[in-house]
Amino acid sequence: MREKEFPNLNEAVYLDHTGATLYAKSQLQSYHDDLLKNMYGNPHSSCLSSEKTSYMIDDVRHEILSFFNTTSDDYHVLFTFNATHGIKLVAENFKFHTVNDSTIMSNSWFVYLQDSHTSVAGIRAVALEKGVNIRIVDYKESSQETLSVTLQNKSNIINSTVINNHSSINGDVSENLPSDNIPKNLFAFPAMSNFSGHKYPMEWISSAQNKGLFSNEFPGKWFVLLDAASFVSTSELDLSSYHPDFVPISFYKLFGFPTGLGALLVSVRGGEALRKTYFGGGSVSAYSSDTDFHAFKPSLQDRHKDGTPPFLEILAVRHGFQSLRKLTTSMDLVTKHTFCLAHYVYNKLNELRHFNERNVCECYCDTEYKSSSVQGPIVNFNVLRSDGNYVGYAEVSKLAIIYHIHLRTGCFCNVGACQYFLRLSTPQLHKHFEAGHVCGDSIDIIDGQPTGSIRISFGYMSDFSDAEKFLNFIKDCFVEQVGNTCNETIRSCAAENNCHLKRLFIYPVKSCAAFEVEEWDLNEKGLCYDREWLIVNESGSFISQKRQPRLCFIKPYIGLKENVLRLQAPEMPELVLPLRMSTGEMNSLIIQPRICGAKVSGIDCGDVVSKWLTSFLKQKCRLIRQNPNVIRRNNLNEDYFSQALSLANNSQLVYITEASCLDLLDNIKSLFPNGETCELTVETLIQRFRPNLVISGVDAYEEEFWSSVTIGNCEFQCCGVCFRCQMISVDPQSGERSKEPMRTLAKLRGSKIPFGVHLQQILSETKMQLRVGDVVAGQNELT
């Protein structure tokens, strides 16, 4: 089934089904055939194609309700962009009450779990603005077998946080108040934690609605929002047995496609708690353009239909459900299958030990995988070294890429669970933010403590081979064994007065092959013409070897005498471009591609070179030259912002040493003596690390302790080590990816995988030039 229905997997191990599951080939083919055979028009029109669309949308609504074992008698289906949009819709339309309204006896409450998705926690901002009381149930309290939430004064709350306690009366007087004047309260919780996979009791729904979870002293009517986004992809949600008022879902988590479409299931009871304010096309029966008059449509799902619904995406949902039924038979089987895979991996990770019997992994789970009724198919963990220190999740992610493993790292939009399992206090979170750590970045360890973790999750198309390949990856890269550790003896290549510049490279076209020279001038940006050009795709995004390995075959040459840039590639005619630009060319089409997230200003080099590159790379692309009229500044360190920069990522130059390359090569051979890795030499290592300068005559890694360095008559500041990405895994001779040297470098150097040092020149009024053979003198910051 996998080979036929999921050909895009190939050798990949996809383990991020909680983020988004995969779509099936037959699902897309069926959808494509439907589009070609039938005509679907705007449902707000009155032609035949419009009627066909309206019937189709009704059918899909029925399909959705049927999948969750309910009917339109009990639930409405509101189409949204995704689950978050559905949650936002509830937040903005829920009838929260405050004492500012003279008819209301007490403010409403909003209660949610610490273990909640960011989108649920975001309701808090709306509620606080309306003066609503907030109660946050902490993780320990919510993980108890029975939950009883007290809503009293903050001084009486031990295991939770209360914000804005505006309760003004005691005693349940709900029965004595008119329906519209009864305070409406909202309790939100996840059906399954997207962090740990912990499944919360569905019995909470009726208990909350009947006030069994809450203090009987507090008046009001309780409504329940069940965040089912991560739950429904592998577990059955039976709405005939449980009756939450609001259920947000995203369809790409169920069957991969379409993205950008979700649904909010609203119970008839829950519909009474929503108040619509904005009206748009399709949501009103009538309105006046010059008076304050409008009449919403009577149906809840029509009332919340602002504008034309995404009807072709809704059509795709029909084919998604058909595919899911055909390929899975039942959700019960999916639940058992995915749970078994996750349980197996969880046990194996817990069994892994280093040579000194220390744990390799720290798993985050409080159910111990007792059964699929309390635990979903998620395994969340961090990796530990043999000395007990953490391996950063960014390092794990980099290595996973070279093993073709797709996983998720960070906090997964669930800061509460992340705080609990990683033992992070709120002051520490603030400190991490002040240190520059934000959601989605690669700052994975601060003060020795992880800022996030690694999450893998299984889907219905996962199989045992995925579990085994993932476990082998962890064993290969992180289990330290006797006789399989890095050499402790650092290679020495130092010789008295023999530290010199051995090789000199420039990279005229960013991410293409190197151009080696014997001597070269420097300008205010670094080496002249280094990273002066880059290649972008048709949308203007920079293309690197990580995305297009064939770039390594493009060899640029700078002809200073002829003032030309020459481009050569296999089976392609040589292309020659002038180095000098006319005034007209400098004022021609300006492009702004992004490098490391920041925009740069560039000039399009024309159609001729575009056709040449497109022909060789087999994709539409263009060559962009750095705009000489716009100075780009260094973003590596605030101390060097004044320095100009080429199109390089972080600094003007990068240098490595011959001894460090030899030491790394020794360790690769030591760790994998049977030759199971690709053939590597010092020459191929240099090609992979893409330095500007190679220095000989110093001990391995001695360069990392220099604060400044003099090469010939040129002085440079050392701006820190160069952290490596998976680009060093691309073999420059074949364009193929390999596991080395990334795998061994991670074992040898640890966090962030450093190799080489960034340089920034100290500008001089005299001409600056580097020559192979120049004497190199490093200044240690401690001397």
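**Close-up views of a predicted model**

Let's start with sulfur: a search of the whole structure turns up 1 disulfide. This is a predicted model, where local features need pLDDT of at least 70, side-chain atom pairs count only at pLDDT 80 or more, and totals for chains, interfaces and linings use all residues. Residues are numbered from 1 along each chain as its sequence is written, and side-chain values use heavy atoms, with hydrogens and water left out.

**View 1. Cys411 and Cys418 form a disulfide.** The two sulfur atoms sit 2.2 Å apart; a pair of cysteine sulfur atoms within 2.5 Å is what counts as a disulfide here. In general, such a link is a covalent bond between the sulfur atoms of two cysteines. Turn about the S-S bond of Cys411 and Cys418 and you get a torsion of about -50 degrees, so this disulfide is left-handed. Both Cys411 and Cys418 are buried (buried means under 20% relative accessible area, exposed over 50%, and partly exposed in between, with a 1.4 Å probe and protein chains only).

**View 2. Cys512 has no bonded partner: its closest cysteine sulfur is too far away for a bond.** That closest sulfur belongs to Cys552, 9.0 Å from the sulfur of Cys512. Cys512 is buried, at a relative accessible area of 0%. Another cysteine, Cys528, has 16% relative accessibility and counts as buried too.

**View 3. Strand β19 (residues 453-457) is mostly covered.** Strands (E, at least two residues) and helices (H or I, at least four) are DSSP runs, numbered from the N terminus. In β19, 5 of its 5 residues are buried. As a rule, side chains in a regular strand alternate between the two faces of the sheet. On β19, Ser453, Arg455 and Ser457 take one side and Ile454 and Ile456 the other, and all of them are buried. Two strands pair if DSSP finds at least two bridges between them. Strand β13 (residues 378-384) pairs with β19 in the antiparallel sense over 4 bridges, and Phe381 stands opposite Ile454. Strand β16 (residues 408-410) also pairs with β19 in the antiparallel sense, over 3 bridges; there, Gly410 stands opposite Ser453.

**View 4. An open sheet of 3 strands runs in the order β23-β22-β38.** The pairing in this sheet is antiparallel. Strands β23 (526-527) and β38 (769-771) stand at the edges with a single partner strand each, so one side of each has no neighbour in the sheet. Between β22 (residues 519-523) and β23 there are 2 bridges, and Asn523 stands opposite Gly526. On strand β38, look for Leu770, which counts as buried at 0% relative accessibility. Leu770 and Glu519 are 251 residues apart along the chain, yet their C-alpha atoms are separated by 5.5 Å.

**View 5. The second largest pocket lies between two domains.** Domain 1 (48-145 + 181-325) and domain 2 (332-478) both give residues to its lining, so that is where the pocket lies; the domain bounds come from an automatic or database domain assignment. On a 1 Å grid over the protein atoms alone, a pocket is an open set of points with protein on both sides within 12 Å along at least five of seven lines, whereas a cavity is a set where a 1.4 Å probe fits but cannot get out. The pocket holds about 650 Å³ of space. Its lining has 27 residues, and the closest to the centre are Lys199, Tyr200, Pro201, Ser373 and Val374. A lining residue has an atom within 4 Å of a point. Grid points are joined across faces, edges and corners, and the volume is the space filled by probe spheres set on the points. Helix α13 (residues 331-351) gives the most to the lining, with 4 residues.

**View 6. Two cis peptide bonds and two positive phi angles are worth a look.** Most residues other than glycine have a negative phi, and most peptide bonds are trans. The bond from Phe257 to Pro258 is cis, with omega near 10 degrees, and the one from Glu740 to Pro741 is cis with omega near 5 degrees. Lys618, not a glycine, has a positive phi of about 65 degrees and is exposed, at 68% relative accessible area. Tyr701 has a positive phi of about 70 degrees, but this residue is buried, at 8%.
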